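Here are my notes on this model, set out as numbered points for you to check against the coordinates. Please read them with the structure open.

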Amino acid sequence: MKPWTALTGFAKWLLRISVLLVIFTQYYDIFMGFKPDTIAFYVSAIYIVFGVLLFAGGFLSKHNLTVISALLLLLVSIYVCVVTFDGITGKFASDVMLGIVALFFVTDGNR
């Protein structure tokens with residue numbers, strides 16, 4: 001069976017939307033708690049800002065915003081996975097998935 005290449009653009013937009021959904025469901029409450037003396041606040045802020053920028057980068061013709069946003073999301077995902085590892089949990093799996101999707105956009109950009 002051949003891949004459905006006609007739906008590639010649609011699939012990338014669904015990935016961008018799913019990144020936003022995961023970020024907002026996991027990190028929005030921490031960010032809105034506004035405790036700037038904790039690392040969790042800054043991690044959630046990075047996730048939210050660069051998740052939105054990854055989404056916005058899809059509207060641009062150049063890859064720069066998408067690649068830079070995805071790179072920062074990848075780095076933060078790696079950091080979160082290493083620091084908060086407490087076994088294979090749902091949160092760990094979603095952080096790994098965020099990192100993998102970010103890696104996809106680092107390597108593929110807006111193509």
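1. In this predicted model, valine 19 is in contact with Leu54, Leu73, Leu98 and Val101, once its neighbours within four places in sequence are left aside. Val19 is also listed, together with Ile23, Tyr47, Leu54, Leu73 and Val80, among the residues with the most contacts inside the largest nonpolar core, which has 17 residues. Helices H1, H2, H3 and H4 each supply at least two residues of this core.

2. Helix H2, residues 39-57, reaches 26 Å from its first C-alpha to its last, close to the 27 Å expected for its 19 residues. Its buried residues include Phe41, Tyr47, Ile48, Phe50 and Leu54, and what covers the buried residues of H2 includes helices H1 (8-32), H3 (64-83) and H4 (90-108).

3. Of the three salt bridges in the structure, one pairs aspartate 108 with lysine 12, with the closest N and O atoms 2.3 Å apart. This pair links helix H4 to helix H1 across 96 residues of the chain, and both of its members are buried.

4. Aspartate 108 also meets arginine 111 in a salt bridge (3.7 Å, N to O), so that Lys12, Asp108 and Arg111 are joined into one network through shared partners. Arginine 111 counts as exposed because its relative accessibility is 64%.

5. Within helix H4, lysine 91 and aspartate 95 lie four residues apart, about one turn of the helix, and their side chains form a salt bridge at 3.1 Å, N to O. Lysine 91 is partly exposed at 40% relative accessibility, whereas aspartate 95 is buried at 1%.

6. On the surface, Met1, Trp4, Leu7, Phe10, Leu14, Ile17 and Leu21 make a nonpolar patch of about 870 Å². Leucine 14, found in helix H1, counts as partly exposed at 43% relative accessibility.

Technical notes:
Residues are numbered from 1 along each chain as its sequence is written. This is a predicted model: local features need pLDDT of at least 70, side-chain atom pairs count only at pLDDT 80 or more; totals for chains, interfaces and linings use all residues. Side-chain values use heavy atoms; hydrogens and water are left out. The expected span of a helix is 1.5 Å times one less than its number of residues. Buried means under 20% relative accessible area, exposed over 50%, partly exposed in between (1.4 Å probe, protein chains only). Contact means heavy atoms within 4.5 Å. Patches are made of residues with over 30% relative accessible area and no salt bridge: like charges are joined within 9 Å, nonpolar side chains (Val, Leu, Ile, Met, Phe, Trp, Tyr) within 5 Å. Accessible areas come from the Shrake-Rupley method with a 1.4 Å probe; for residues, only the protein chains shown count as cover. A salt bridge is a side-chain nitrogen of Lys or Arg within 4 Å of a carboxyl oxygen of Asp or Glu. A nonpolar core is a set of buried Ala, Val, Leu, Ile, Met, Phe, Trp, Tyr and Cys residues joined through side-chain atoms within 4.5 Å.
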